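Please open the structure in a viewer and keep the sequence panel visible beside it. This tour proposes a series of selections and describes what is found at each one.

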Amino acid sequence: MTSQPVHPHPDDPVSSPSPWLVVVDPQRIFADPSSKWSSPFFDQAMERIALLTAHVGPERTVVTRWLPTADRSGSWADYFAAWPFADVAPEDPLYDLVGAAHGLTAHPTVDEPTFGKWGAALESIVGPHPELLLTGVSTDCCVLSTALGAADAGARVRVVTDACAASTGENATTALQVMGLYAPQVRLTTSAELLQGAAGSWQGERQN
């Protein structure tokens, strides 16, 4: 899918002095090739995330984790029945951050039992109606759910397509097509476009 320009339209107010980089769930369960949820694109996405973090800085970066702590009285019971390998204690090493994710942020990790990571914990860091640069894993599950939840709450979301890791290439295409339907609240971009624009509107400067 063709990515959309990173620069906001002149009539688009920018709600924060600079955007927040959100790294969704860079955990071993999605990185380890032996895991049933591993993404073949994980390492590539983390390389792009490292470049973006170097520009944004740890103070403007937030890292999230998915933890298996959901109430089992509803449909999550069915989910964990389908994926018993993931139904372990949240302290299990499966849910640790990968080494490359350590040091990315100056903030505590935002830990949630839901696919979408937008909620009170994330909002308490980034504030209401932020501009988010969304990265991480997986494009076709937690990234997608976070993007739509954040957009519903009034955030401006930029999904950095090559800094996201999907379960498969086909699922990545489908997920990006879905998120692309939510413009202008959700827009697609690439790490190269963001880095090229790092001295301009990406840092919060208005385009005249």
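Helices, which have at least four residues, and strands, which have at least two, are DSSP runs numbered from the N terminus. The model to be explored here is predicted.

**First stop: two cis peptide bonds**

Select Pro184, which lies in the loop between α6 (169-180) and β6 (186-189). The peptide bond that leads from Ala183 to Pro184 is cis, and its omega is near 5°. Next, select Val137 and Ser138. The bond from Val137 to Ser138 is also cis, with omega near -10°. Ser138 belongs to the loop between β4 and α5.

**Second stop: strand β4**

Move from Ser138 to strand β4, which comprises residues 131-137. Is this strand mostly covered, or mostly open? It is mostly covered, since seven of its seven residues are buried, and buried means under 20% relative accessible area. In a regular strand, side chains alternate between the two faces of the sheet. Colour the two sides of β4 separately: Glu131, Leu133, Thr135 and Val137 belong to one side, while Leu132, Leu134 and Gly136 belong to the other. Both faces are covered.

Now display the neighbours of β4. Strand β1 (residues 20-24) pairs with β4 in the parallel sense, over five bridges. Within this pairing, select Val24; its bridge partner in β4 is Gly136. Strand β5 (residues 156-165) also pairs with β4 in the parallel sense, here over six bridges. At this pairing, Glu131 stands opposite Arg156 of β5. Follow the chain from β4 through helix α5 (residues 139-152) to β5: this β-α-β crossover is right-handed.

**Third stop: two residues with positive phi**

Select Asp25 in the loop between β1 and α1 (28-31). Its phi is positive, about 55°, although Asp25 is not a glycine. Then select His129, in the loop between α4 (120-126) and β4. His129 likewise is a residue other than glycine with a positive phi, near 55°. How does the accessibility of each residue turn out: buried, partly exposed or exposed? Asp25 counts as buried because its relative accessibility is 0%. His129, with a relative accessible area of 43%, is partly exposed.

**Fourth stop: the nonpolar cores**

Select Met46 and Leu104. In the largest nonpolar core, which has 29 residues, these two touch the most other members. At least two residues of this core are supplied by each of β1, α1, α2 (42-56), β2 (61-66), α3 (75-82), β4 and β5. Which element gives the largest share? Helix α2 does, with six residues.

Centre the view on Leu104 and show its surroundings. Leaving aside residues up to four places away in sequence, Leu104 touches Val23, Met46, Ile49, Thr53, Pro58, Thr61 and Val63. A second core of 26 residues is separate from the largest one; Val24, Leu134, Leu176 and Val186 are among its members.

**Fifth stop: the aromatic rings**

Display the aromatic side chains; the structure holds 15 aromatic pairs. A pair of aromatic rings is described by the distance of the centres and the angle of the planes. Begin with Phe30 and Trp37, a stacked pair at 6.1 Å centre to centre, with 10° between the planes. Phe30 counts as buried because its relative accessibility is 8%. Trp37, with a relative accessible area of 14%, is buried.

Continue to Trp66 and Tyr95, whose rings form a tilted pair: the centres are 5.8 Å apart, and the angle between the planes is 55°. This pair links distant parts of the chain, with Trp66 in strand β2 and Tyr95 in the loop between α3 and β3 (110-112), 29 residues apart. Trp66 is buried at 2% relative accessible area, and Tyr95 counts as buried at 0%.

Now select Phe30, Trp37, Trp66, Trp76, Tyr79, Phe80, Trp83, Phe85, Tyr95 and Phe115 together; they form one aromatic cluster.

**Last stop: a charge over a ring**

Keep Phe80 displayed and add Arg72. What sits over the ring of Phe80? The charged end of Arg72 does, 3.8 Å from the centre of the ring.

Terms used
Residues are numbered from 1 along each chain as its sequence is written. This is a predicted model: local features need pLDDT of at least 70, side-chain atom pairs count only at pLDDT 80 or more; totals for chains, interfaces and linings use all residues. Side-chain values use heavy atoms; hydrogens and water are left out. Buried means under 20% relative accessible area, exposed over 50%, partly exposed in between (1.4 Å probe, protein chains only). Two strands pair if DSSP finds at least two bridges between them. A crossover is right-handed if, with the strands pointing away from the viewer, the path from the first strand over the helix to the second runs clockwise. A nonpolar core is a set of buried Ala, Val, Leu, Ile, Met, Phe, Trp, Tyr and Cys residues joined through side-chain atoms within 4.5 Å. Contact means heavy atoms within 4.5 Å. Rings of Phe, Tyr and Trp (its six-membered ring) pair if their centres lie within 6.5 Å; planes under 30 degrees apart count as stacked, over 60 as edge-to-face and the rest as tilted. A charge sits over a ring if NZ of Lys or CZ of Arg is within 6 Å of the ring centre and within 35 degrees of the ring normal.
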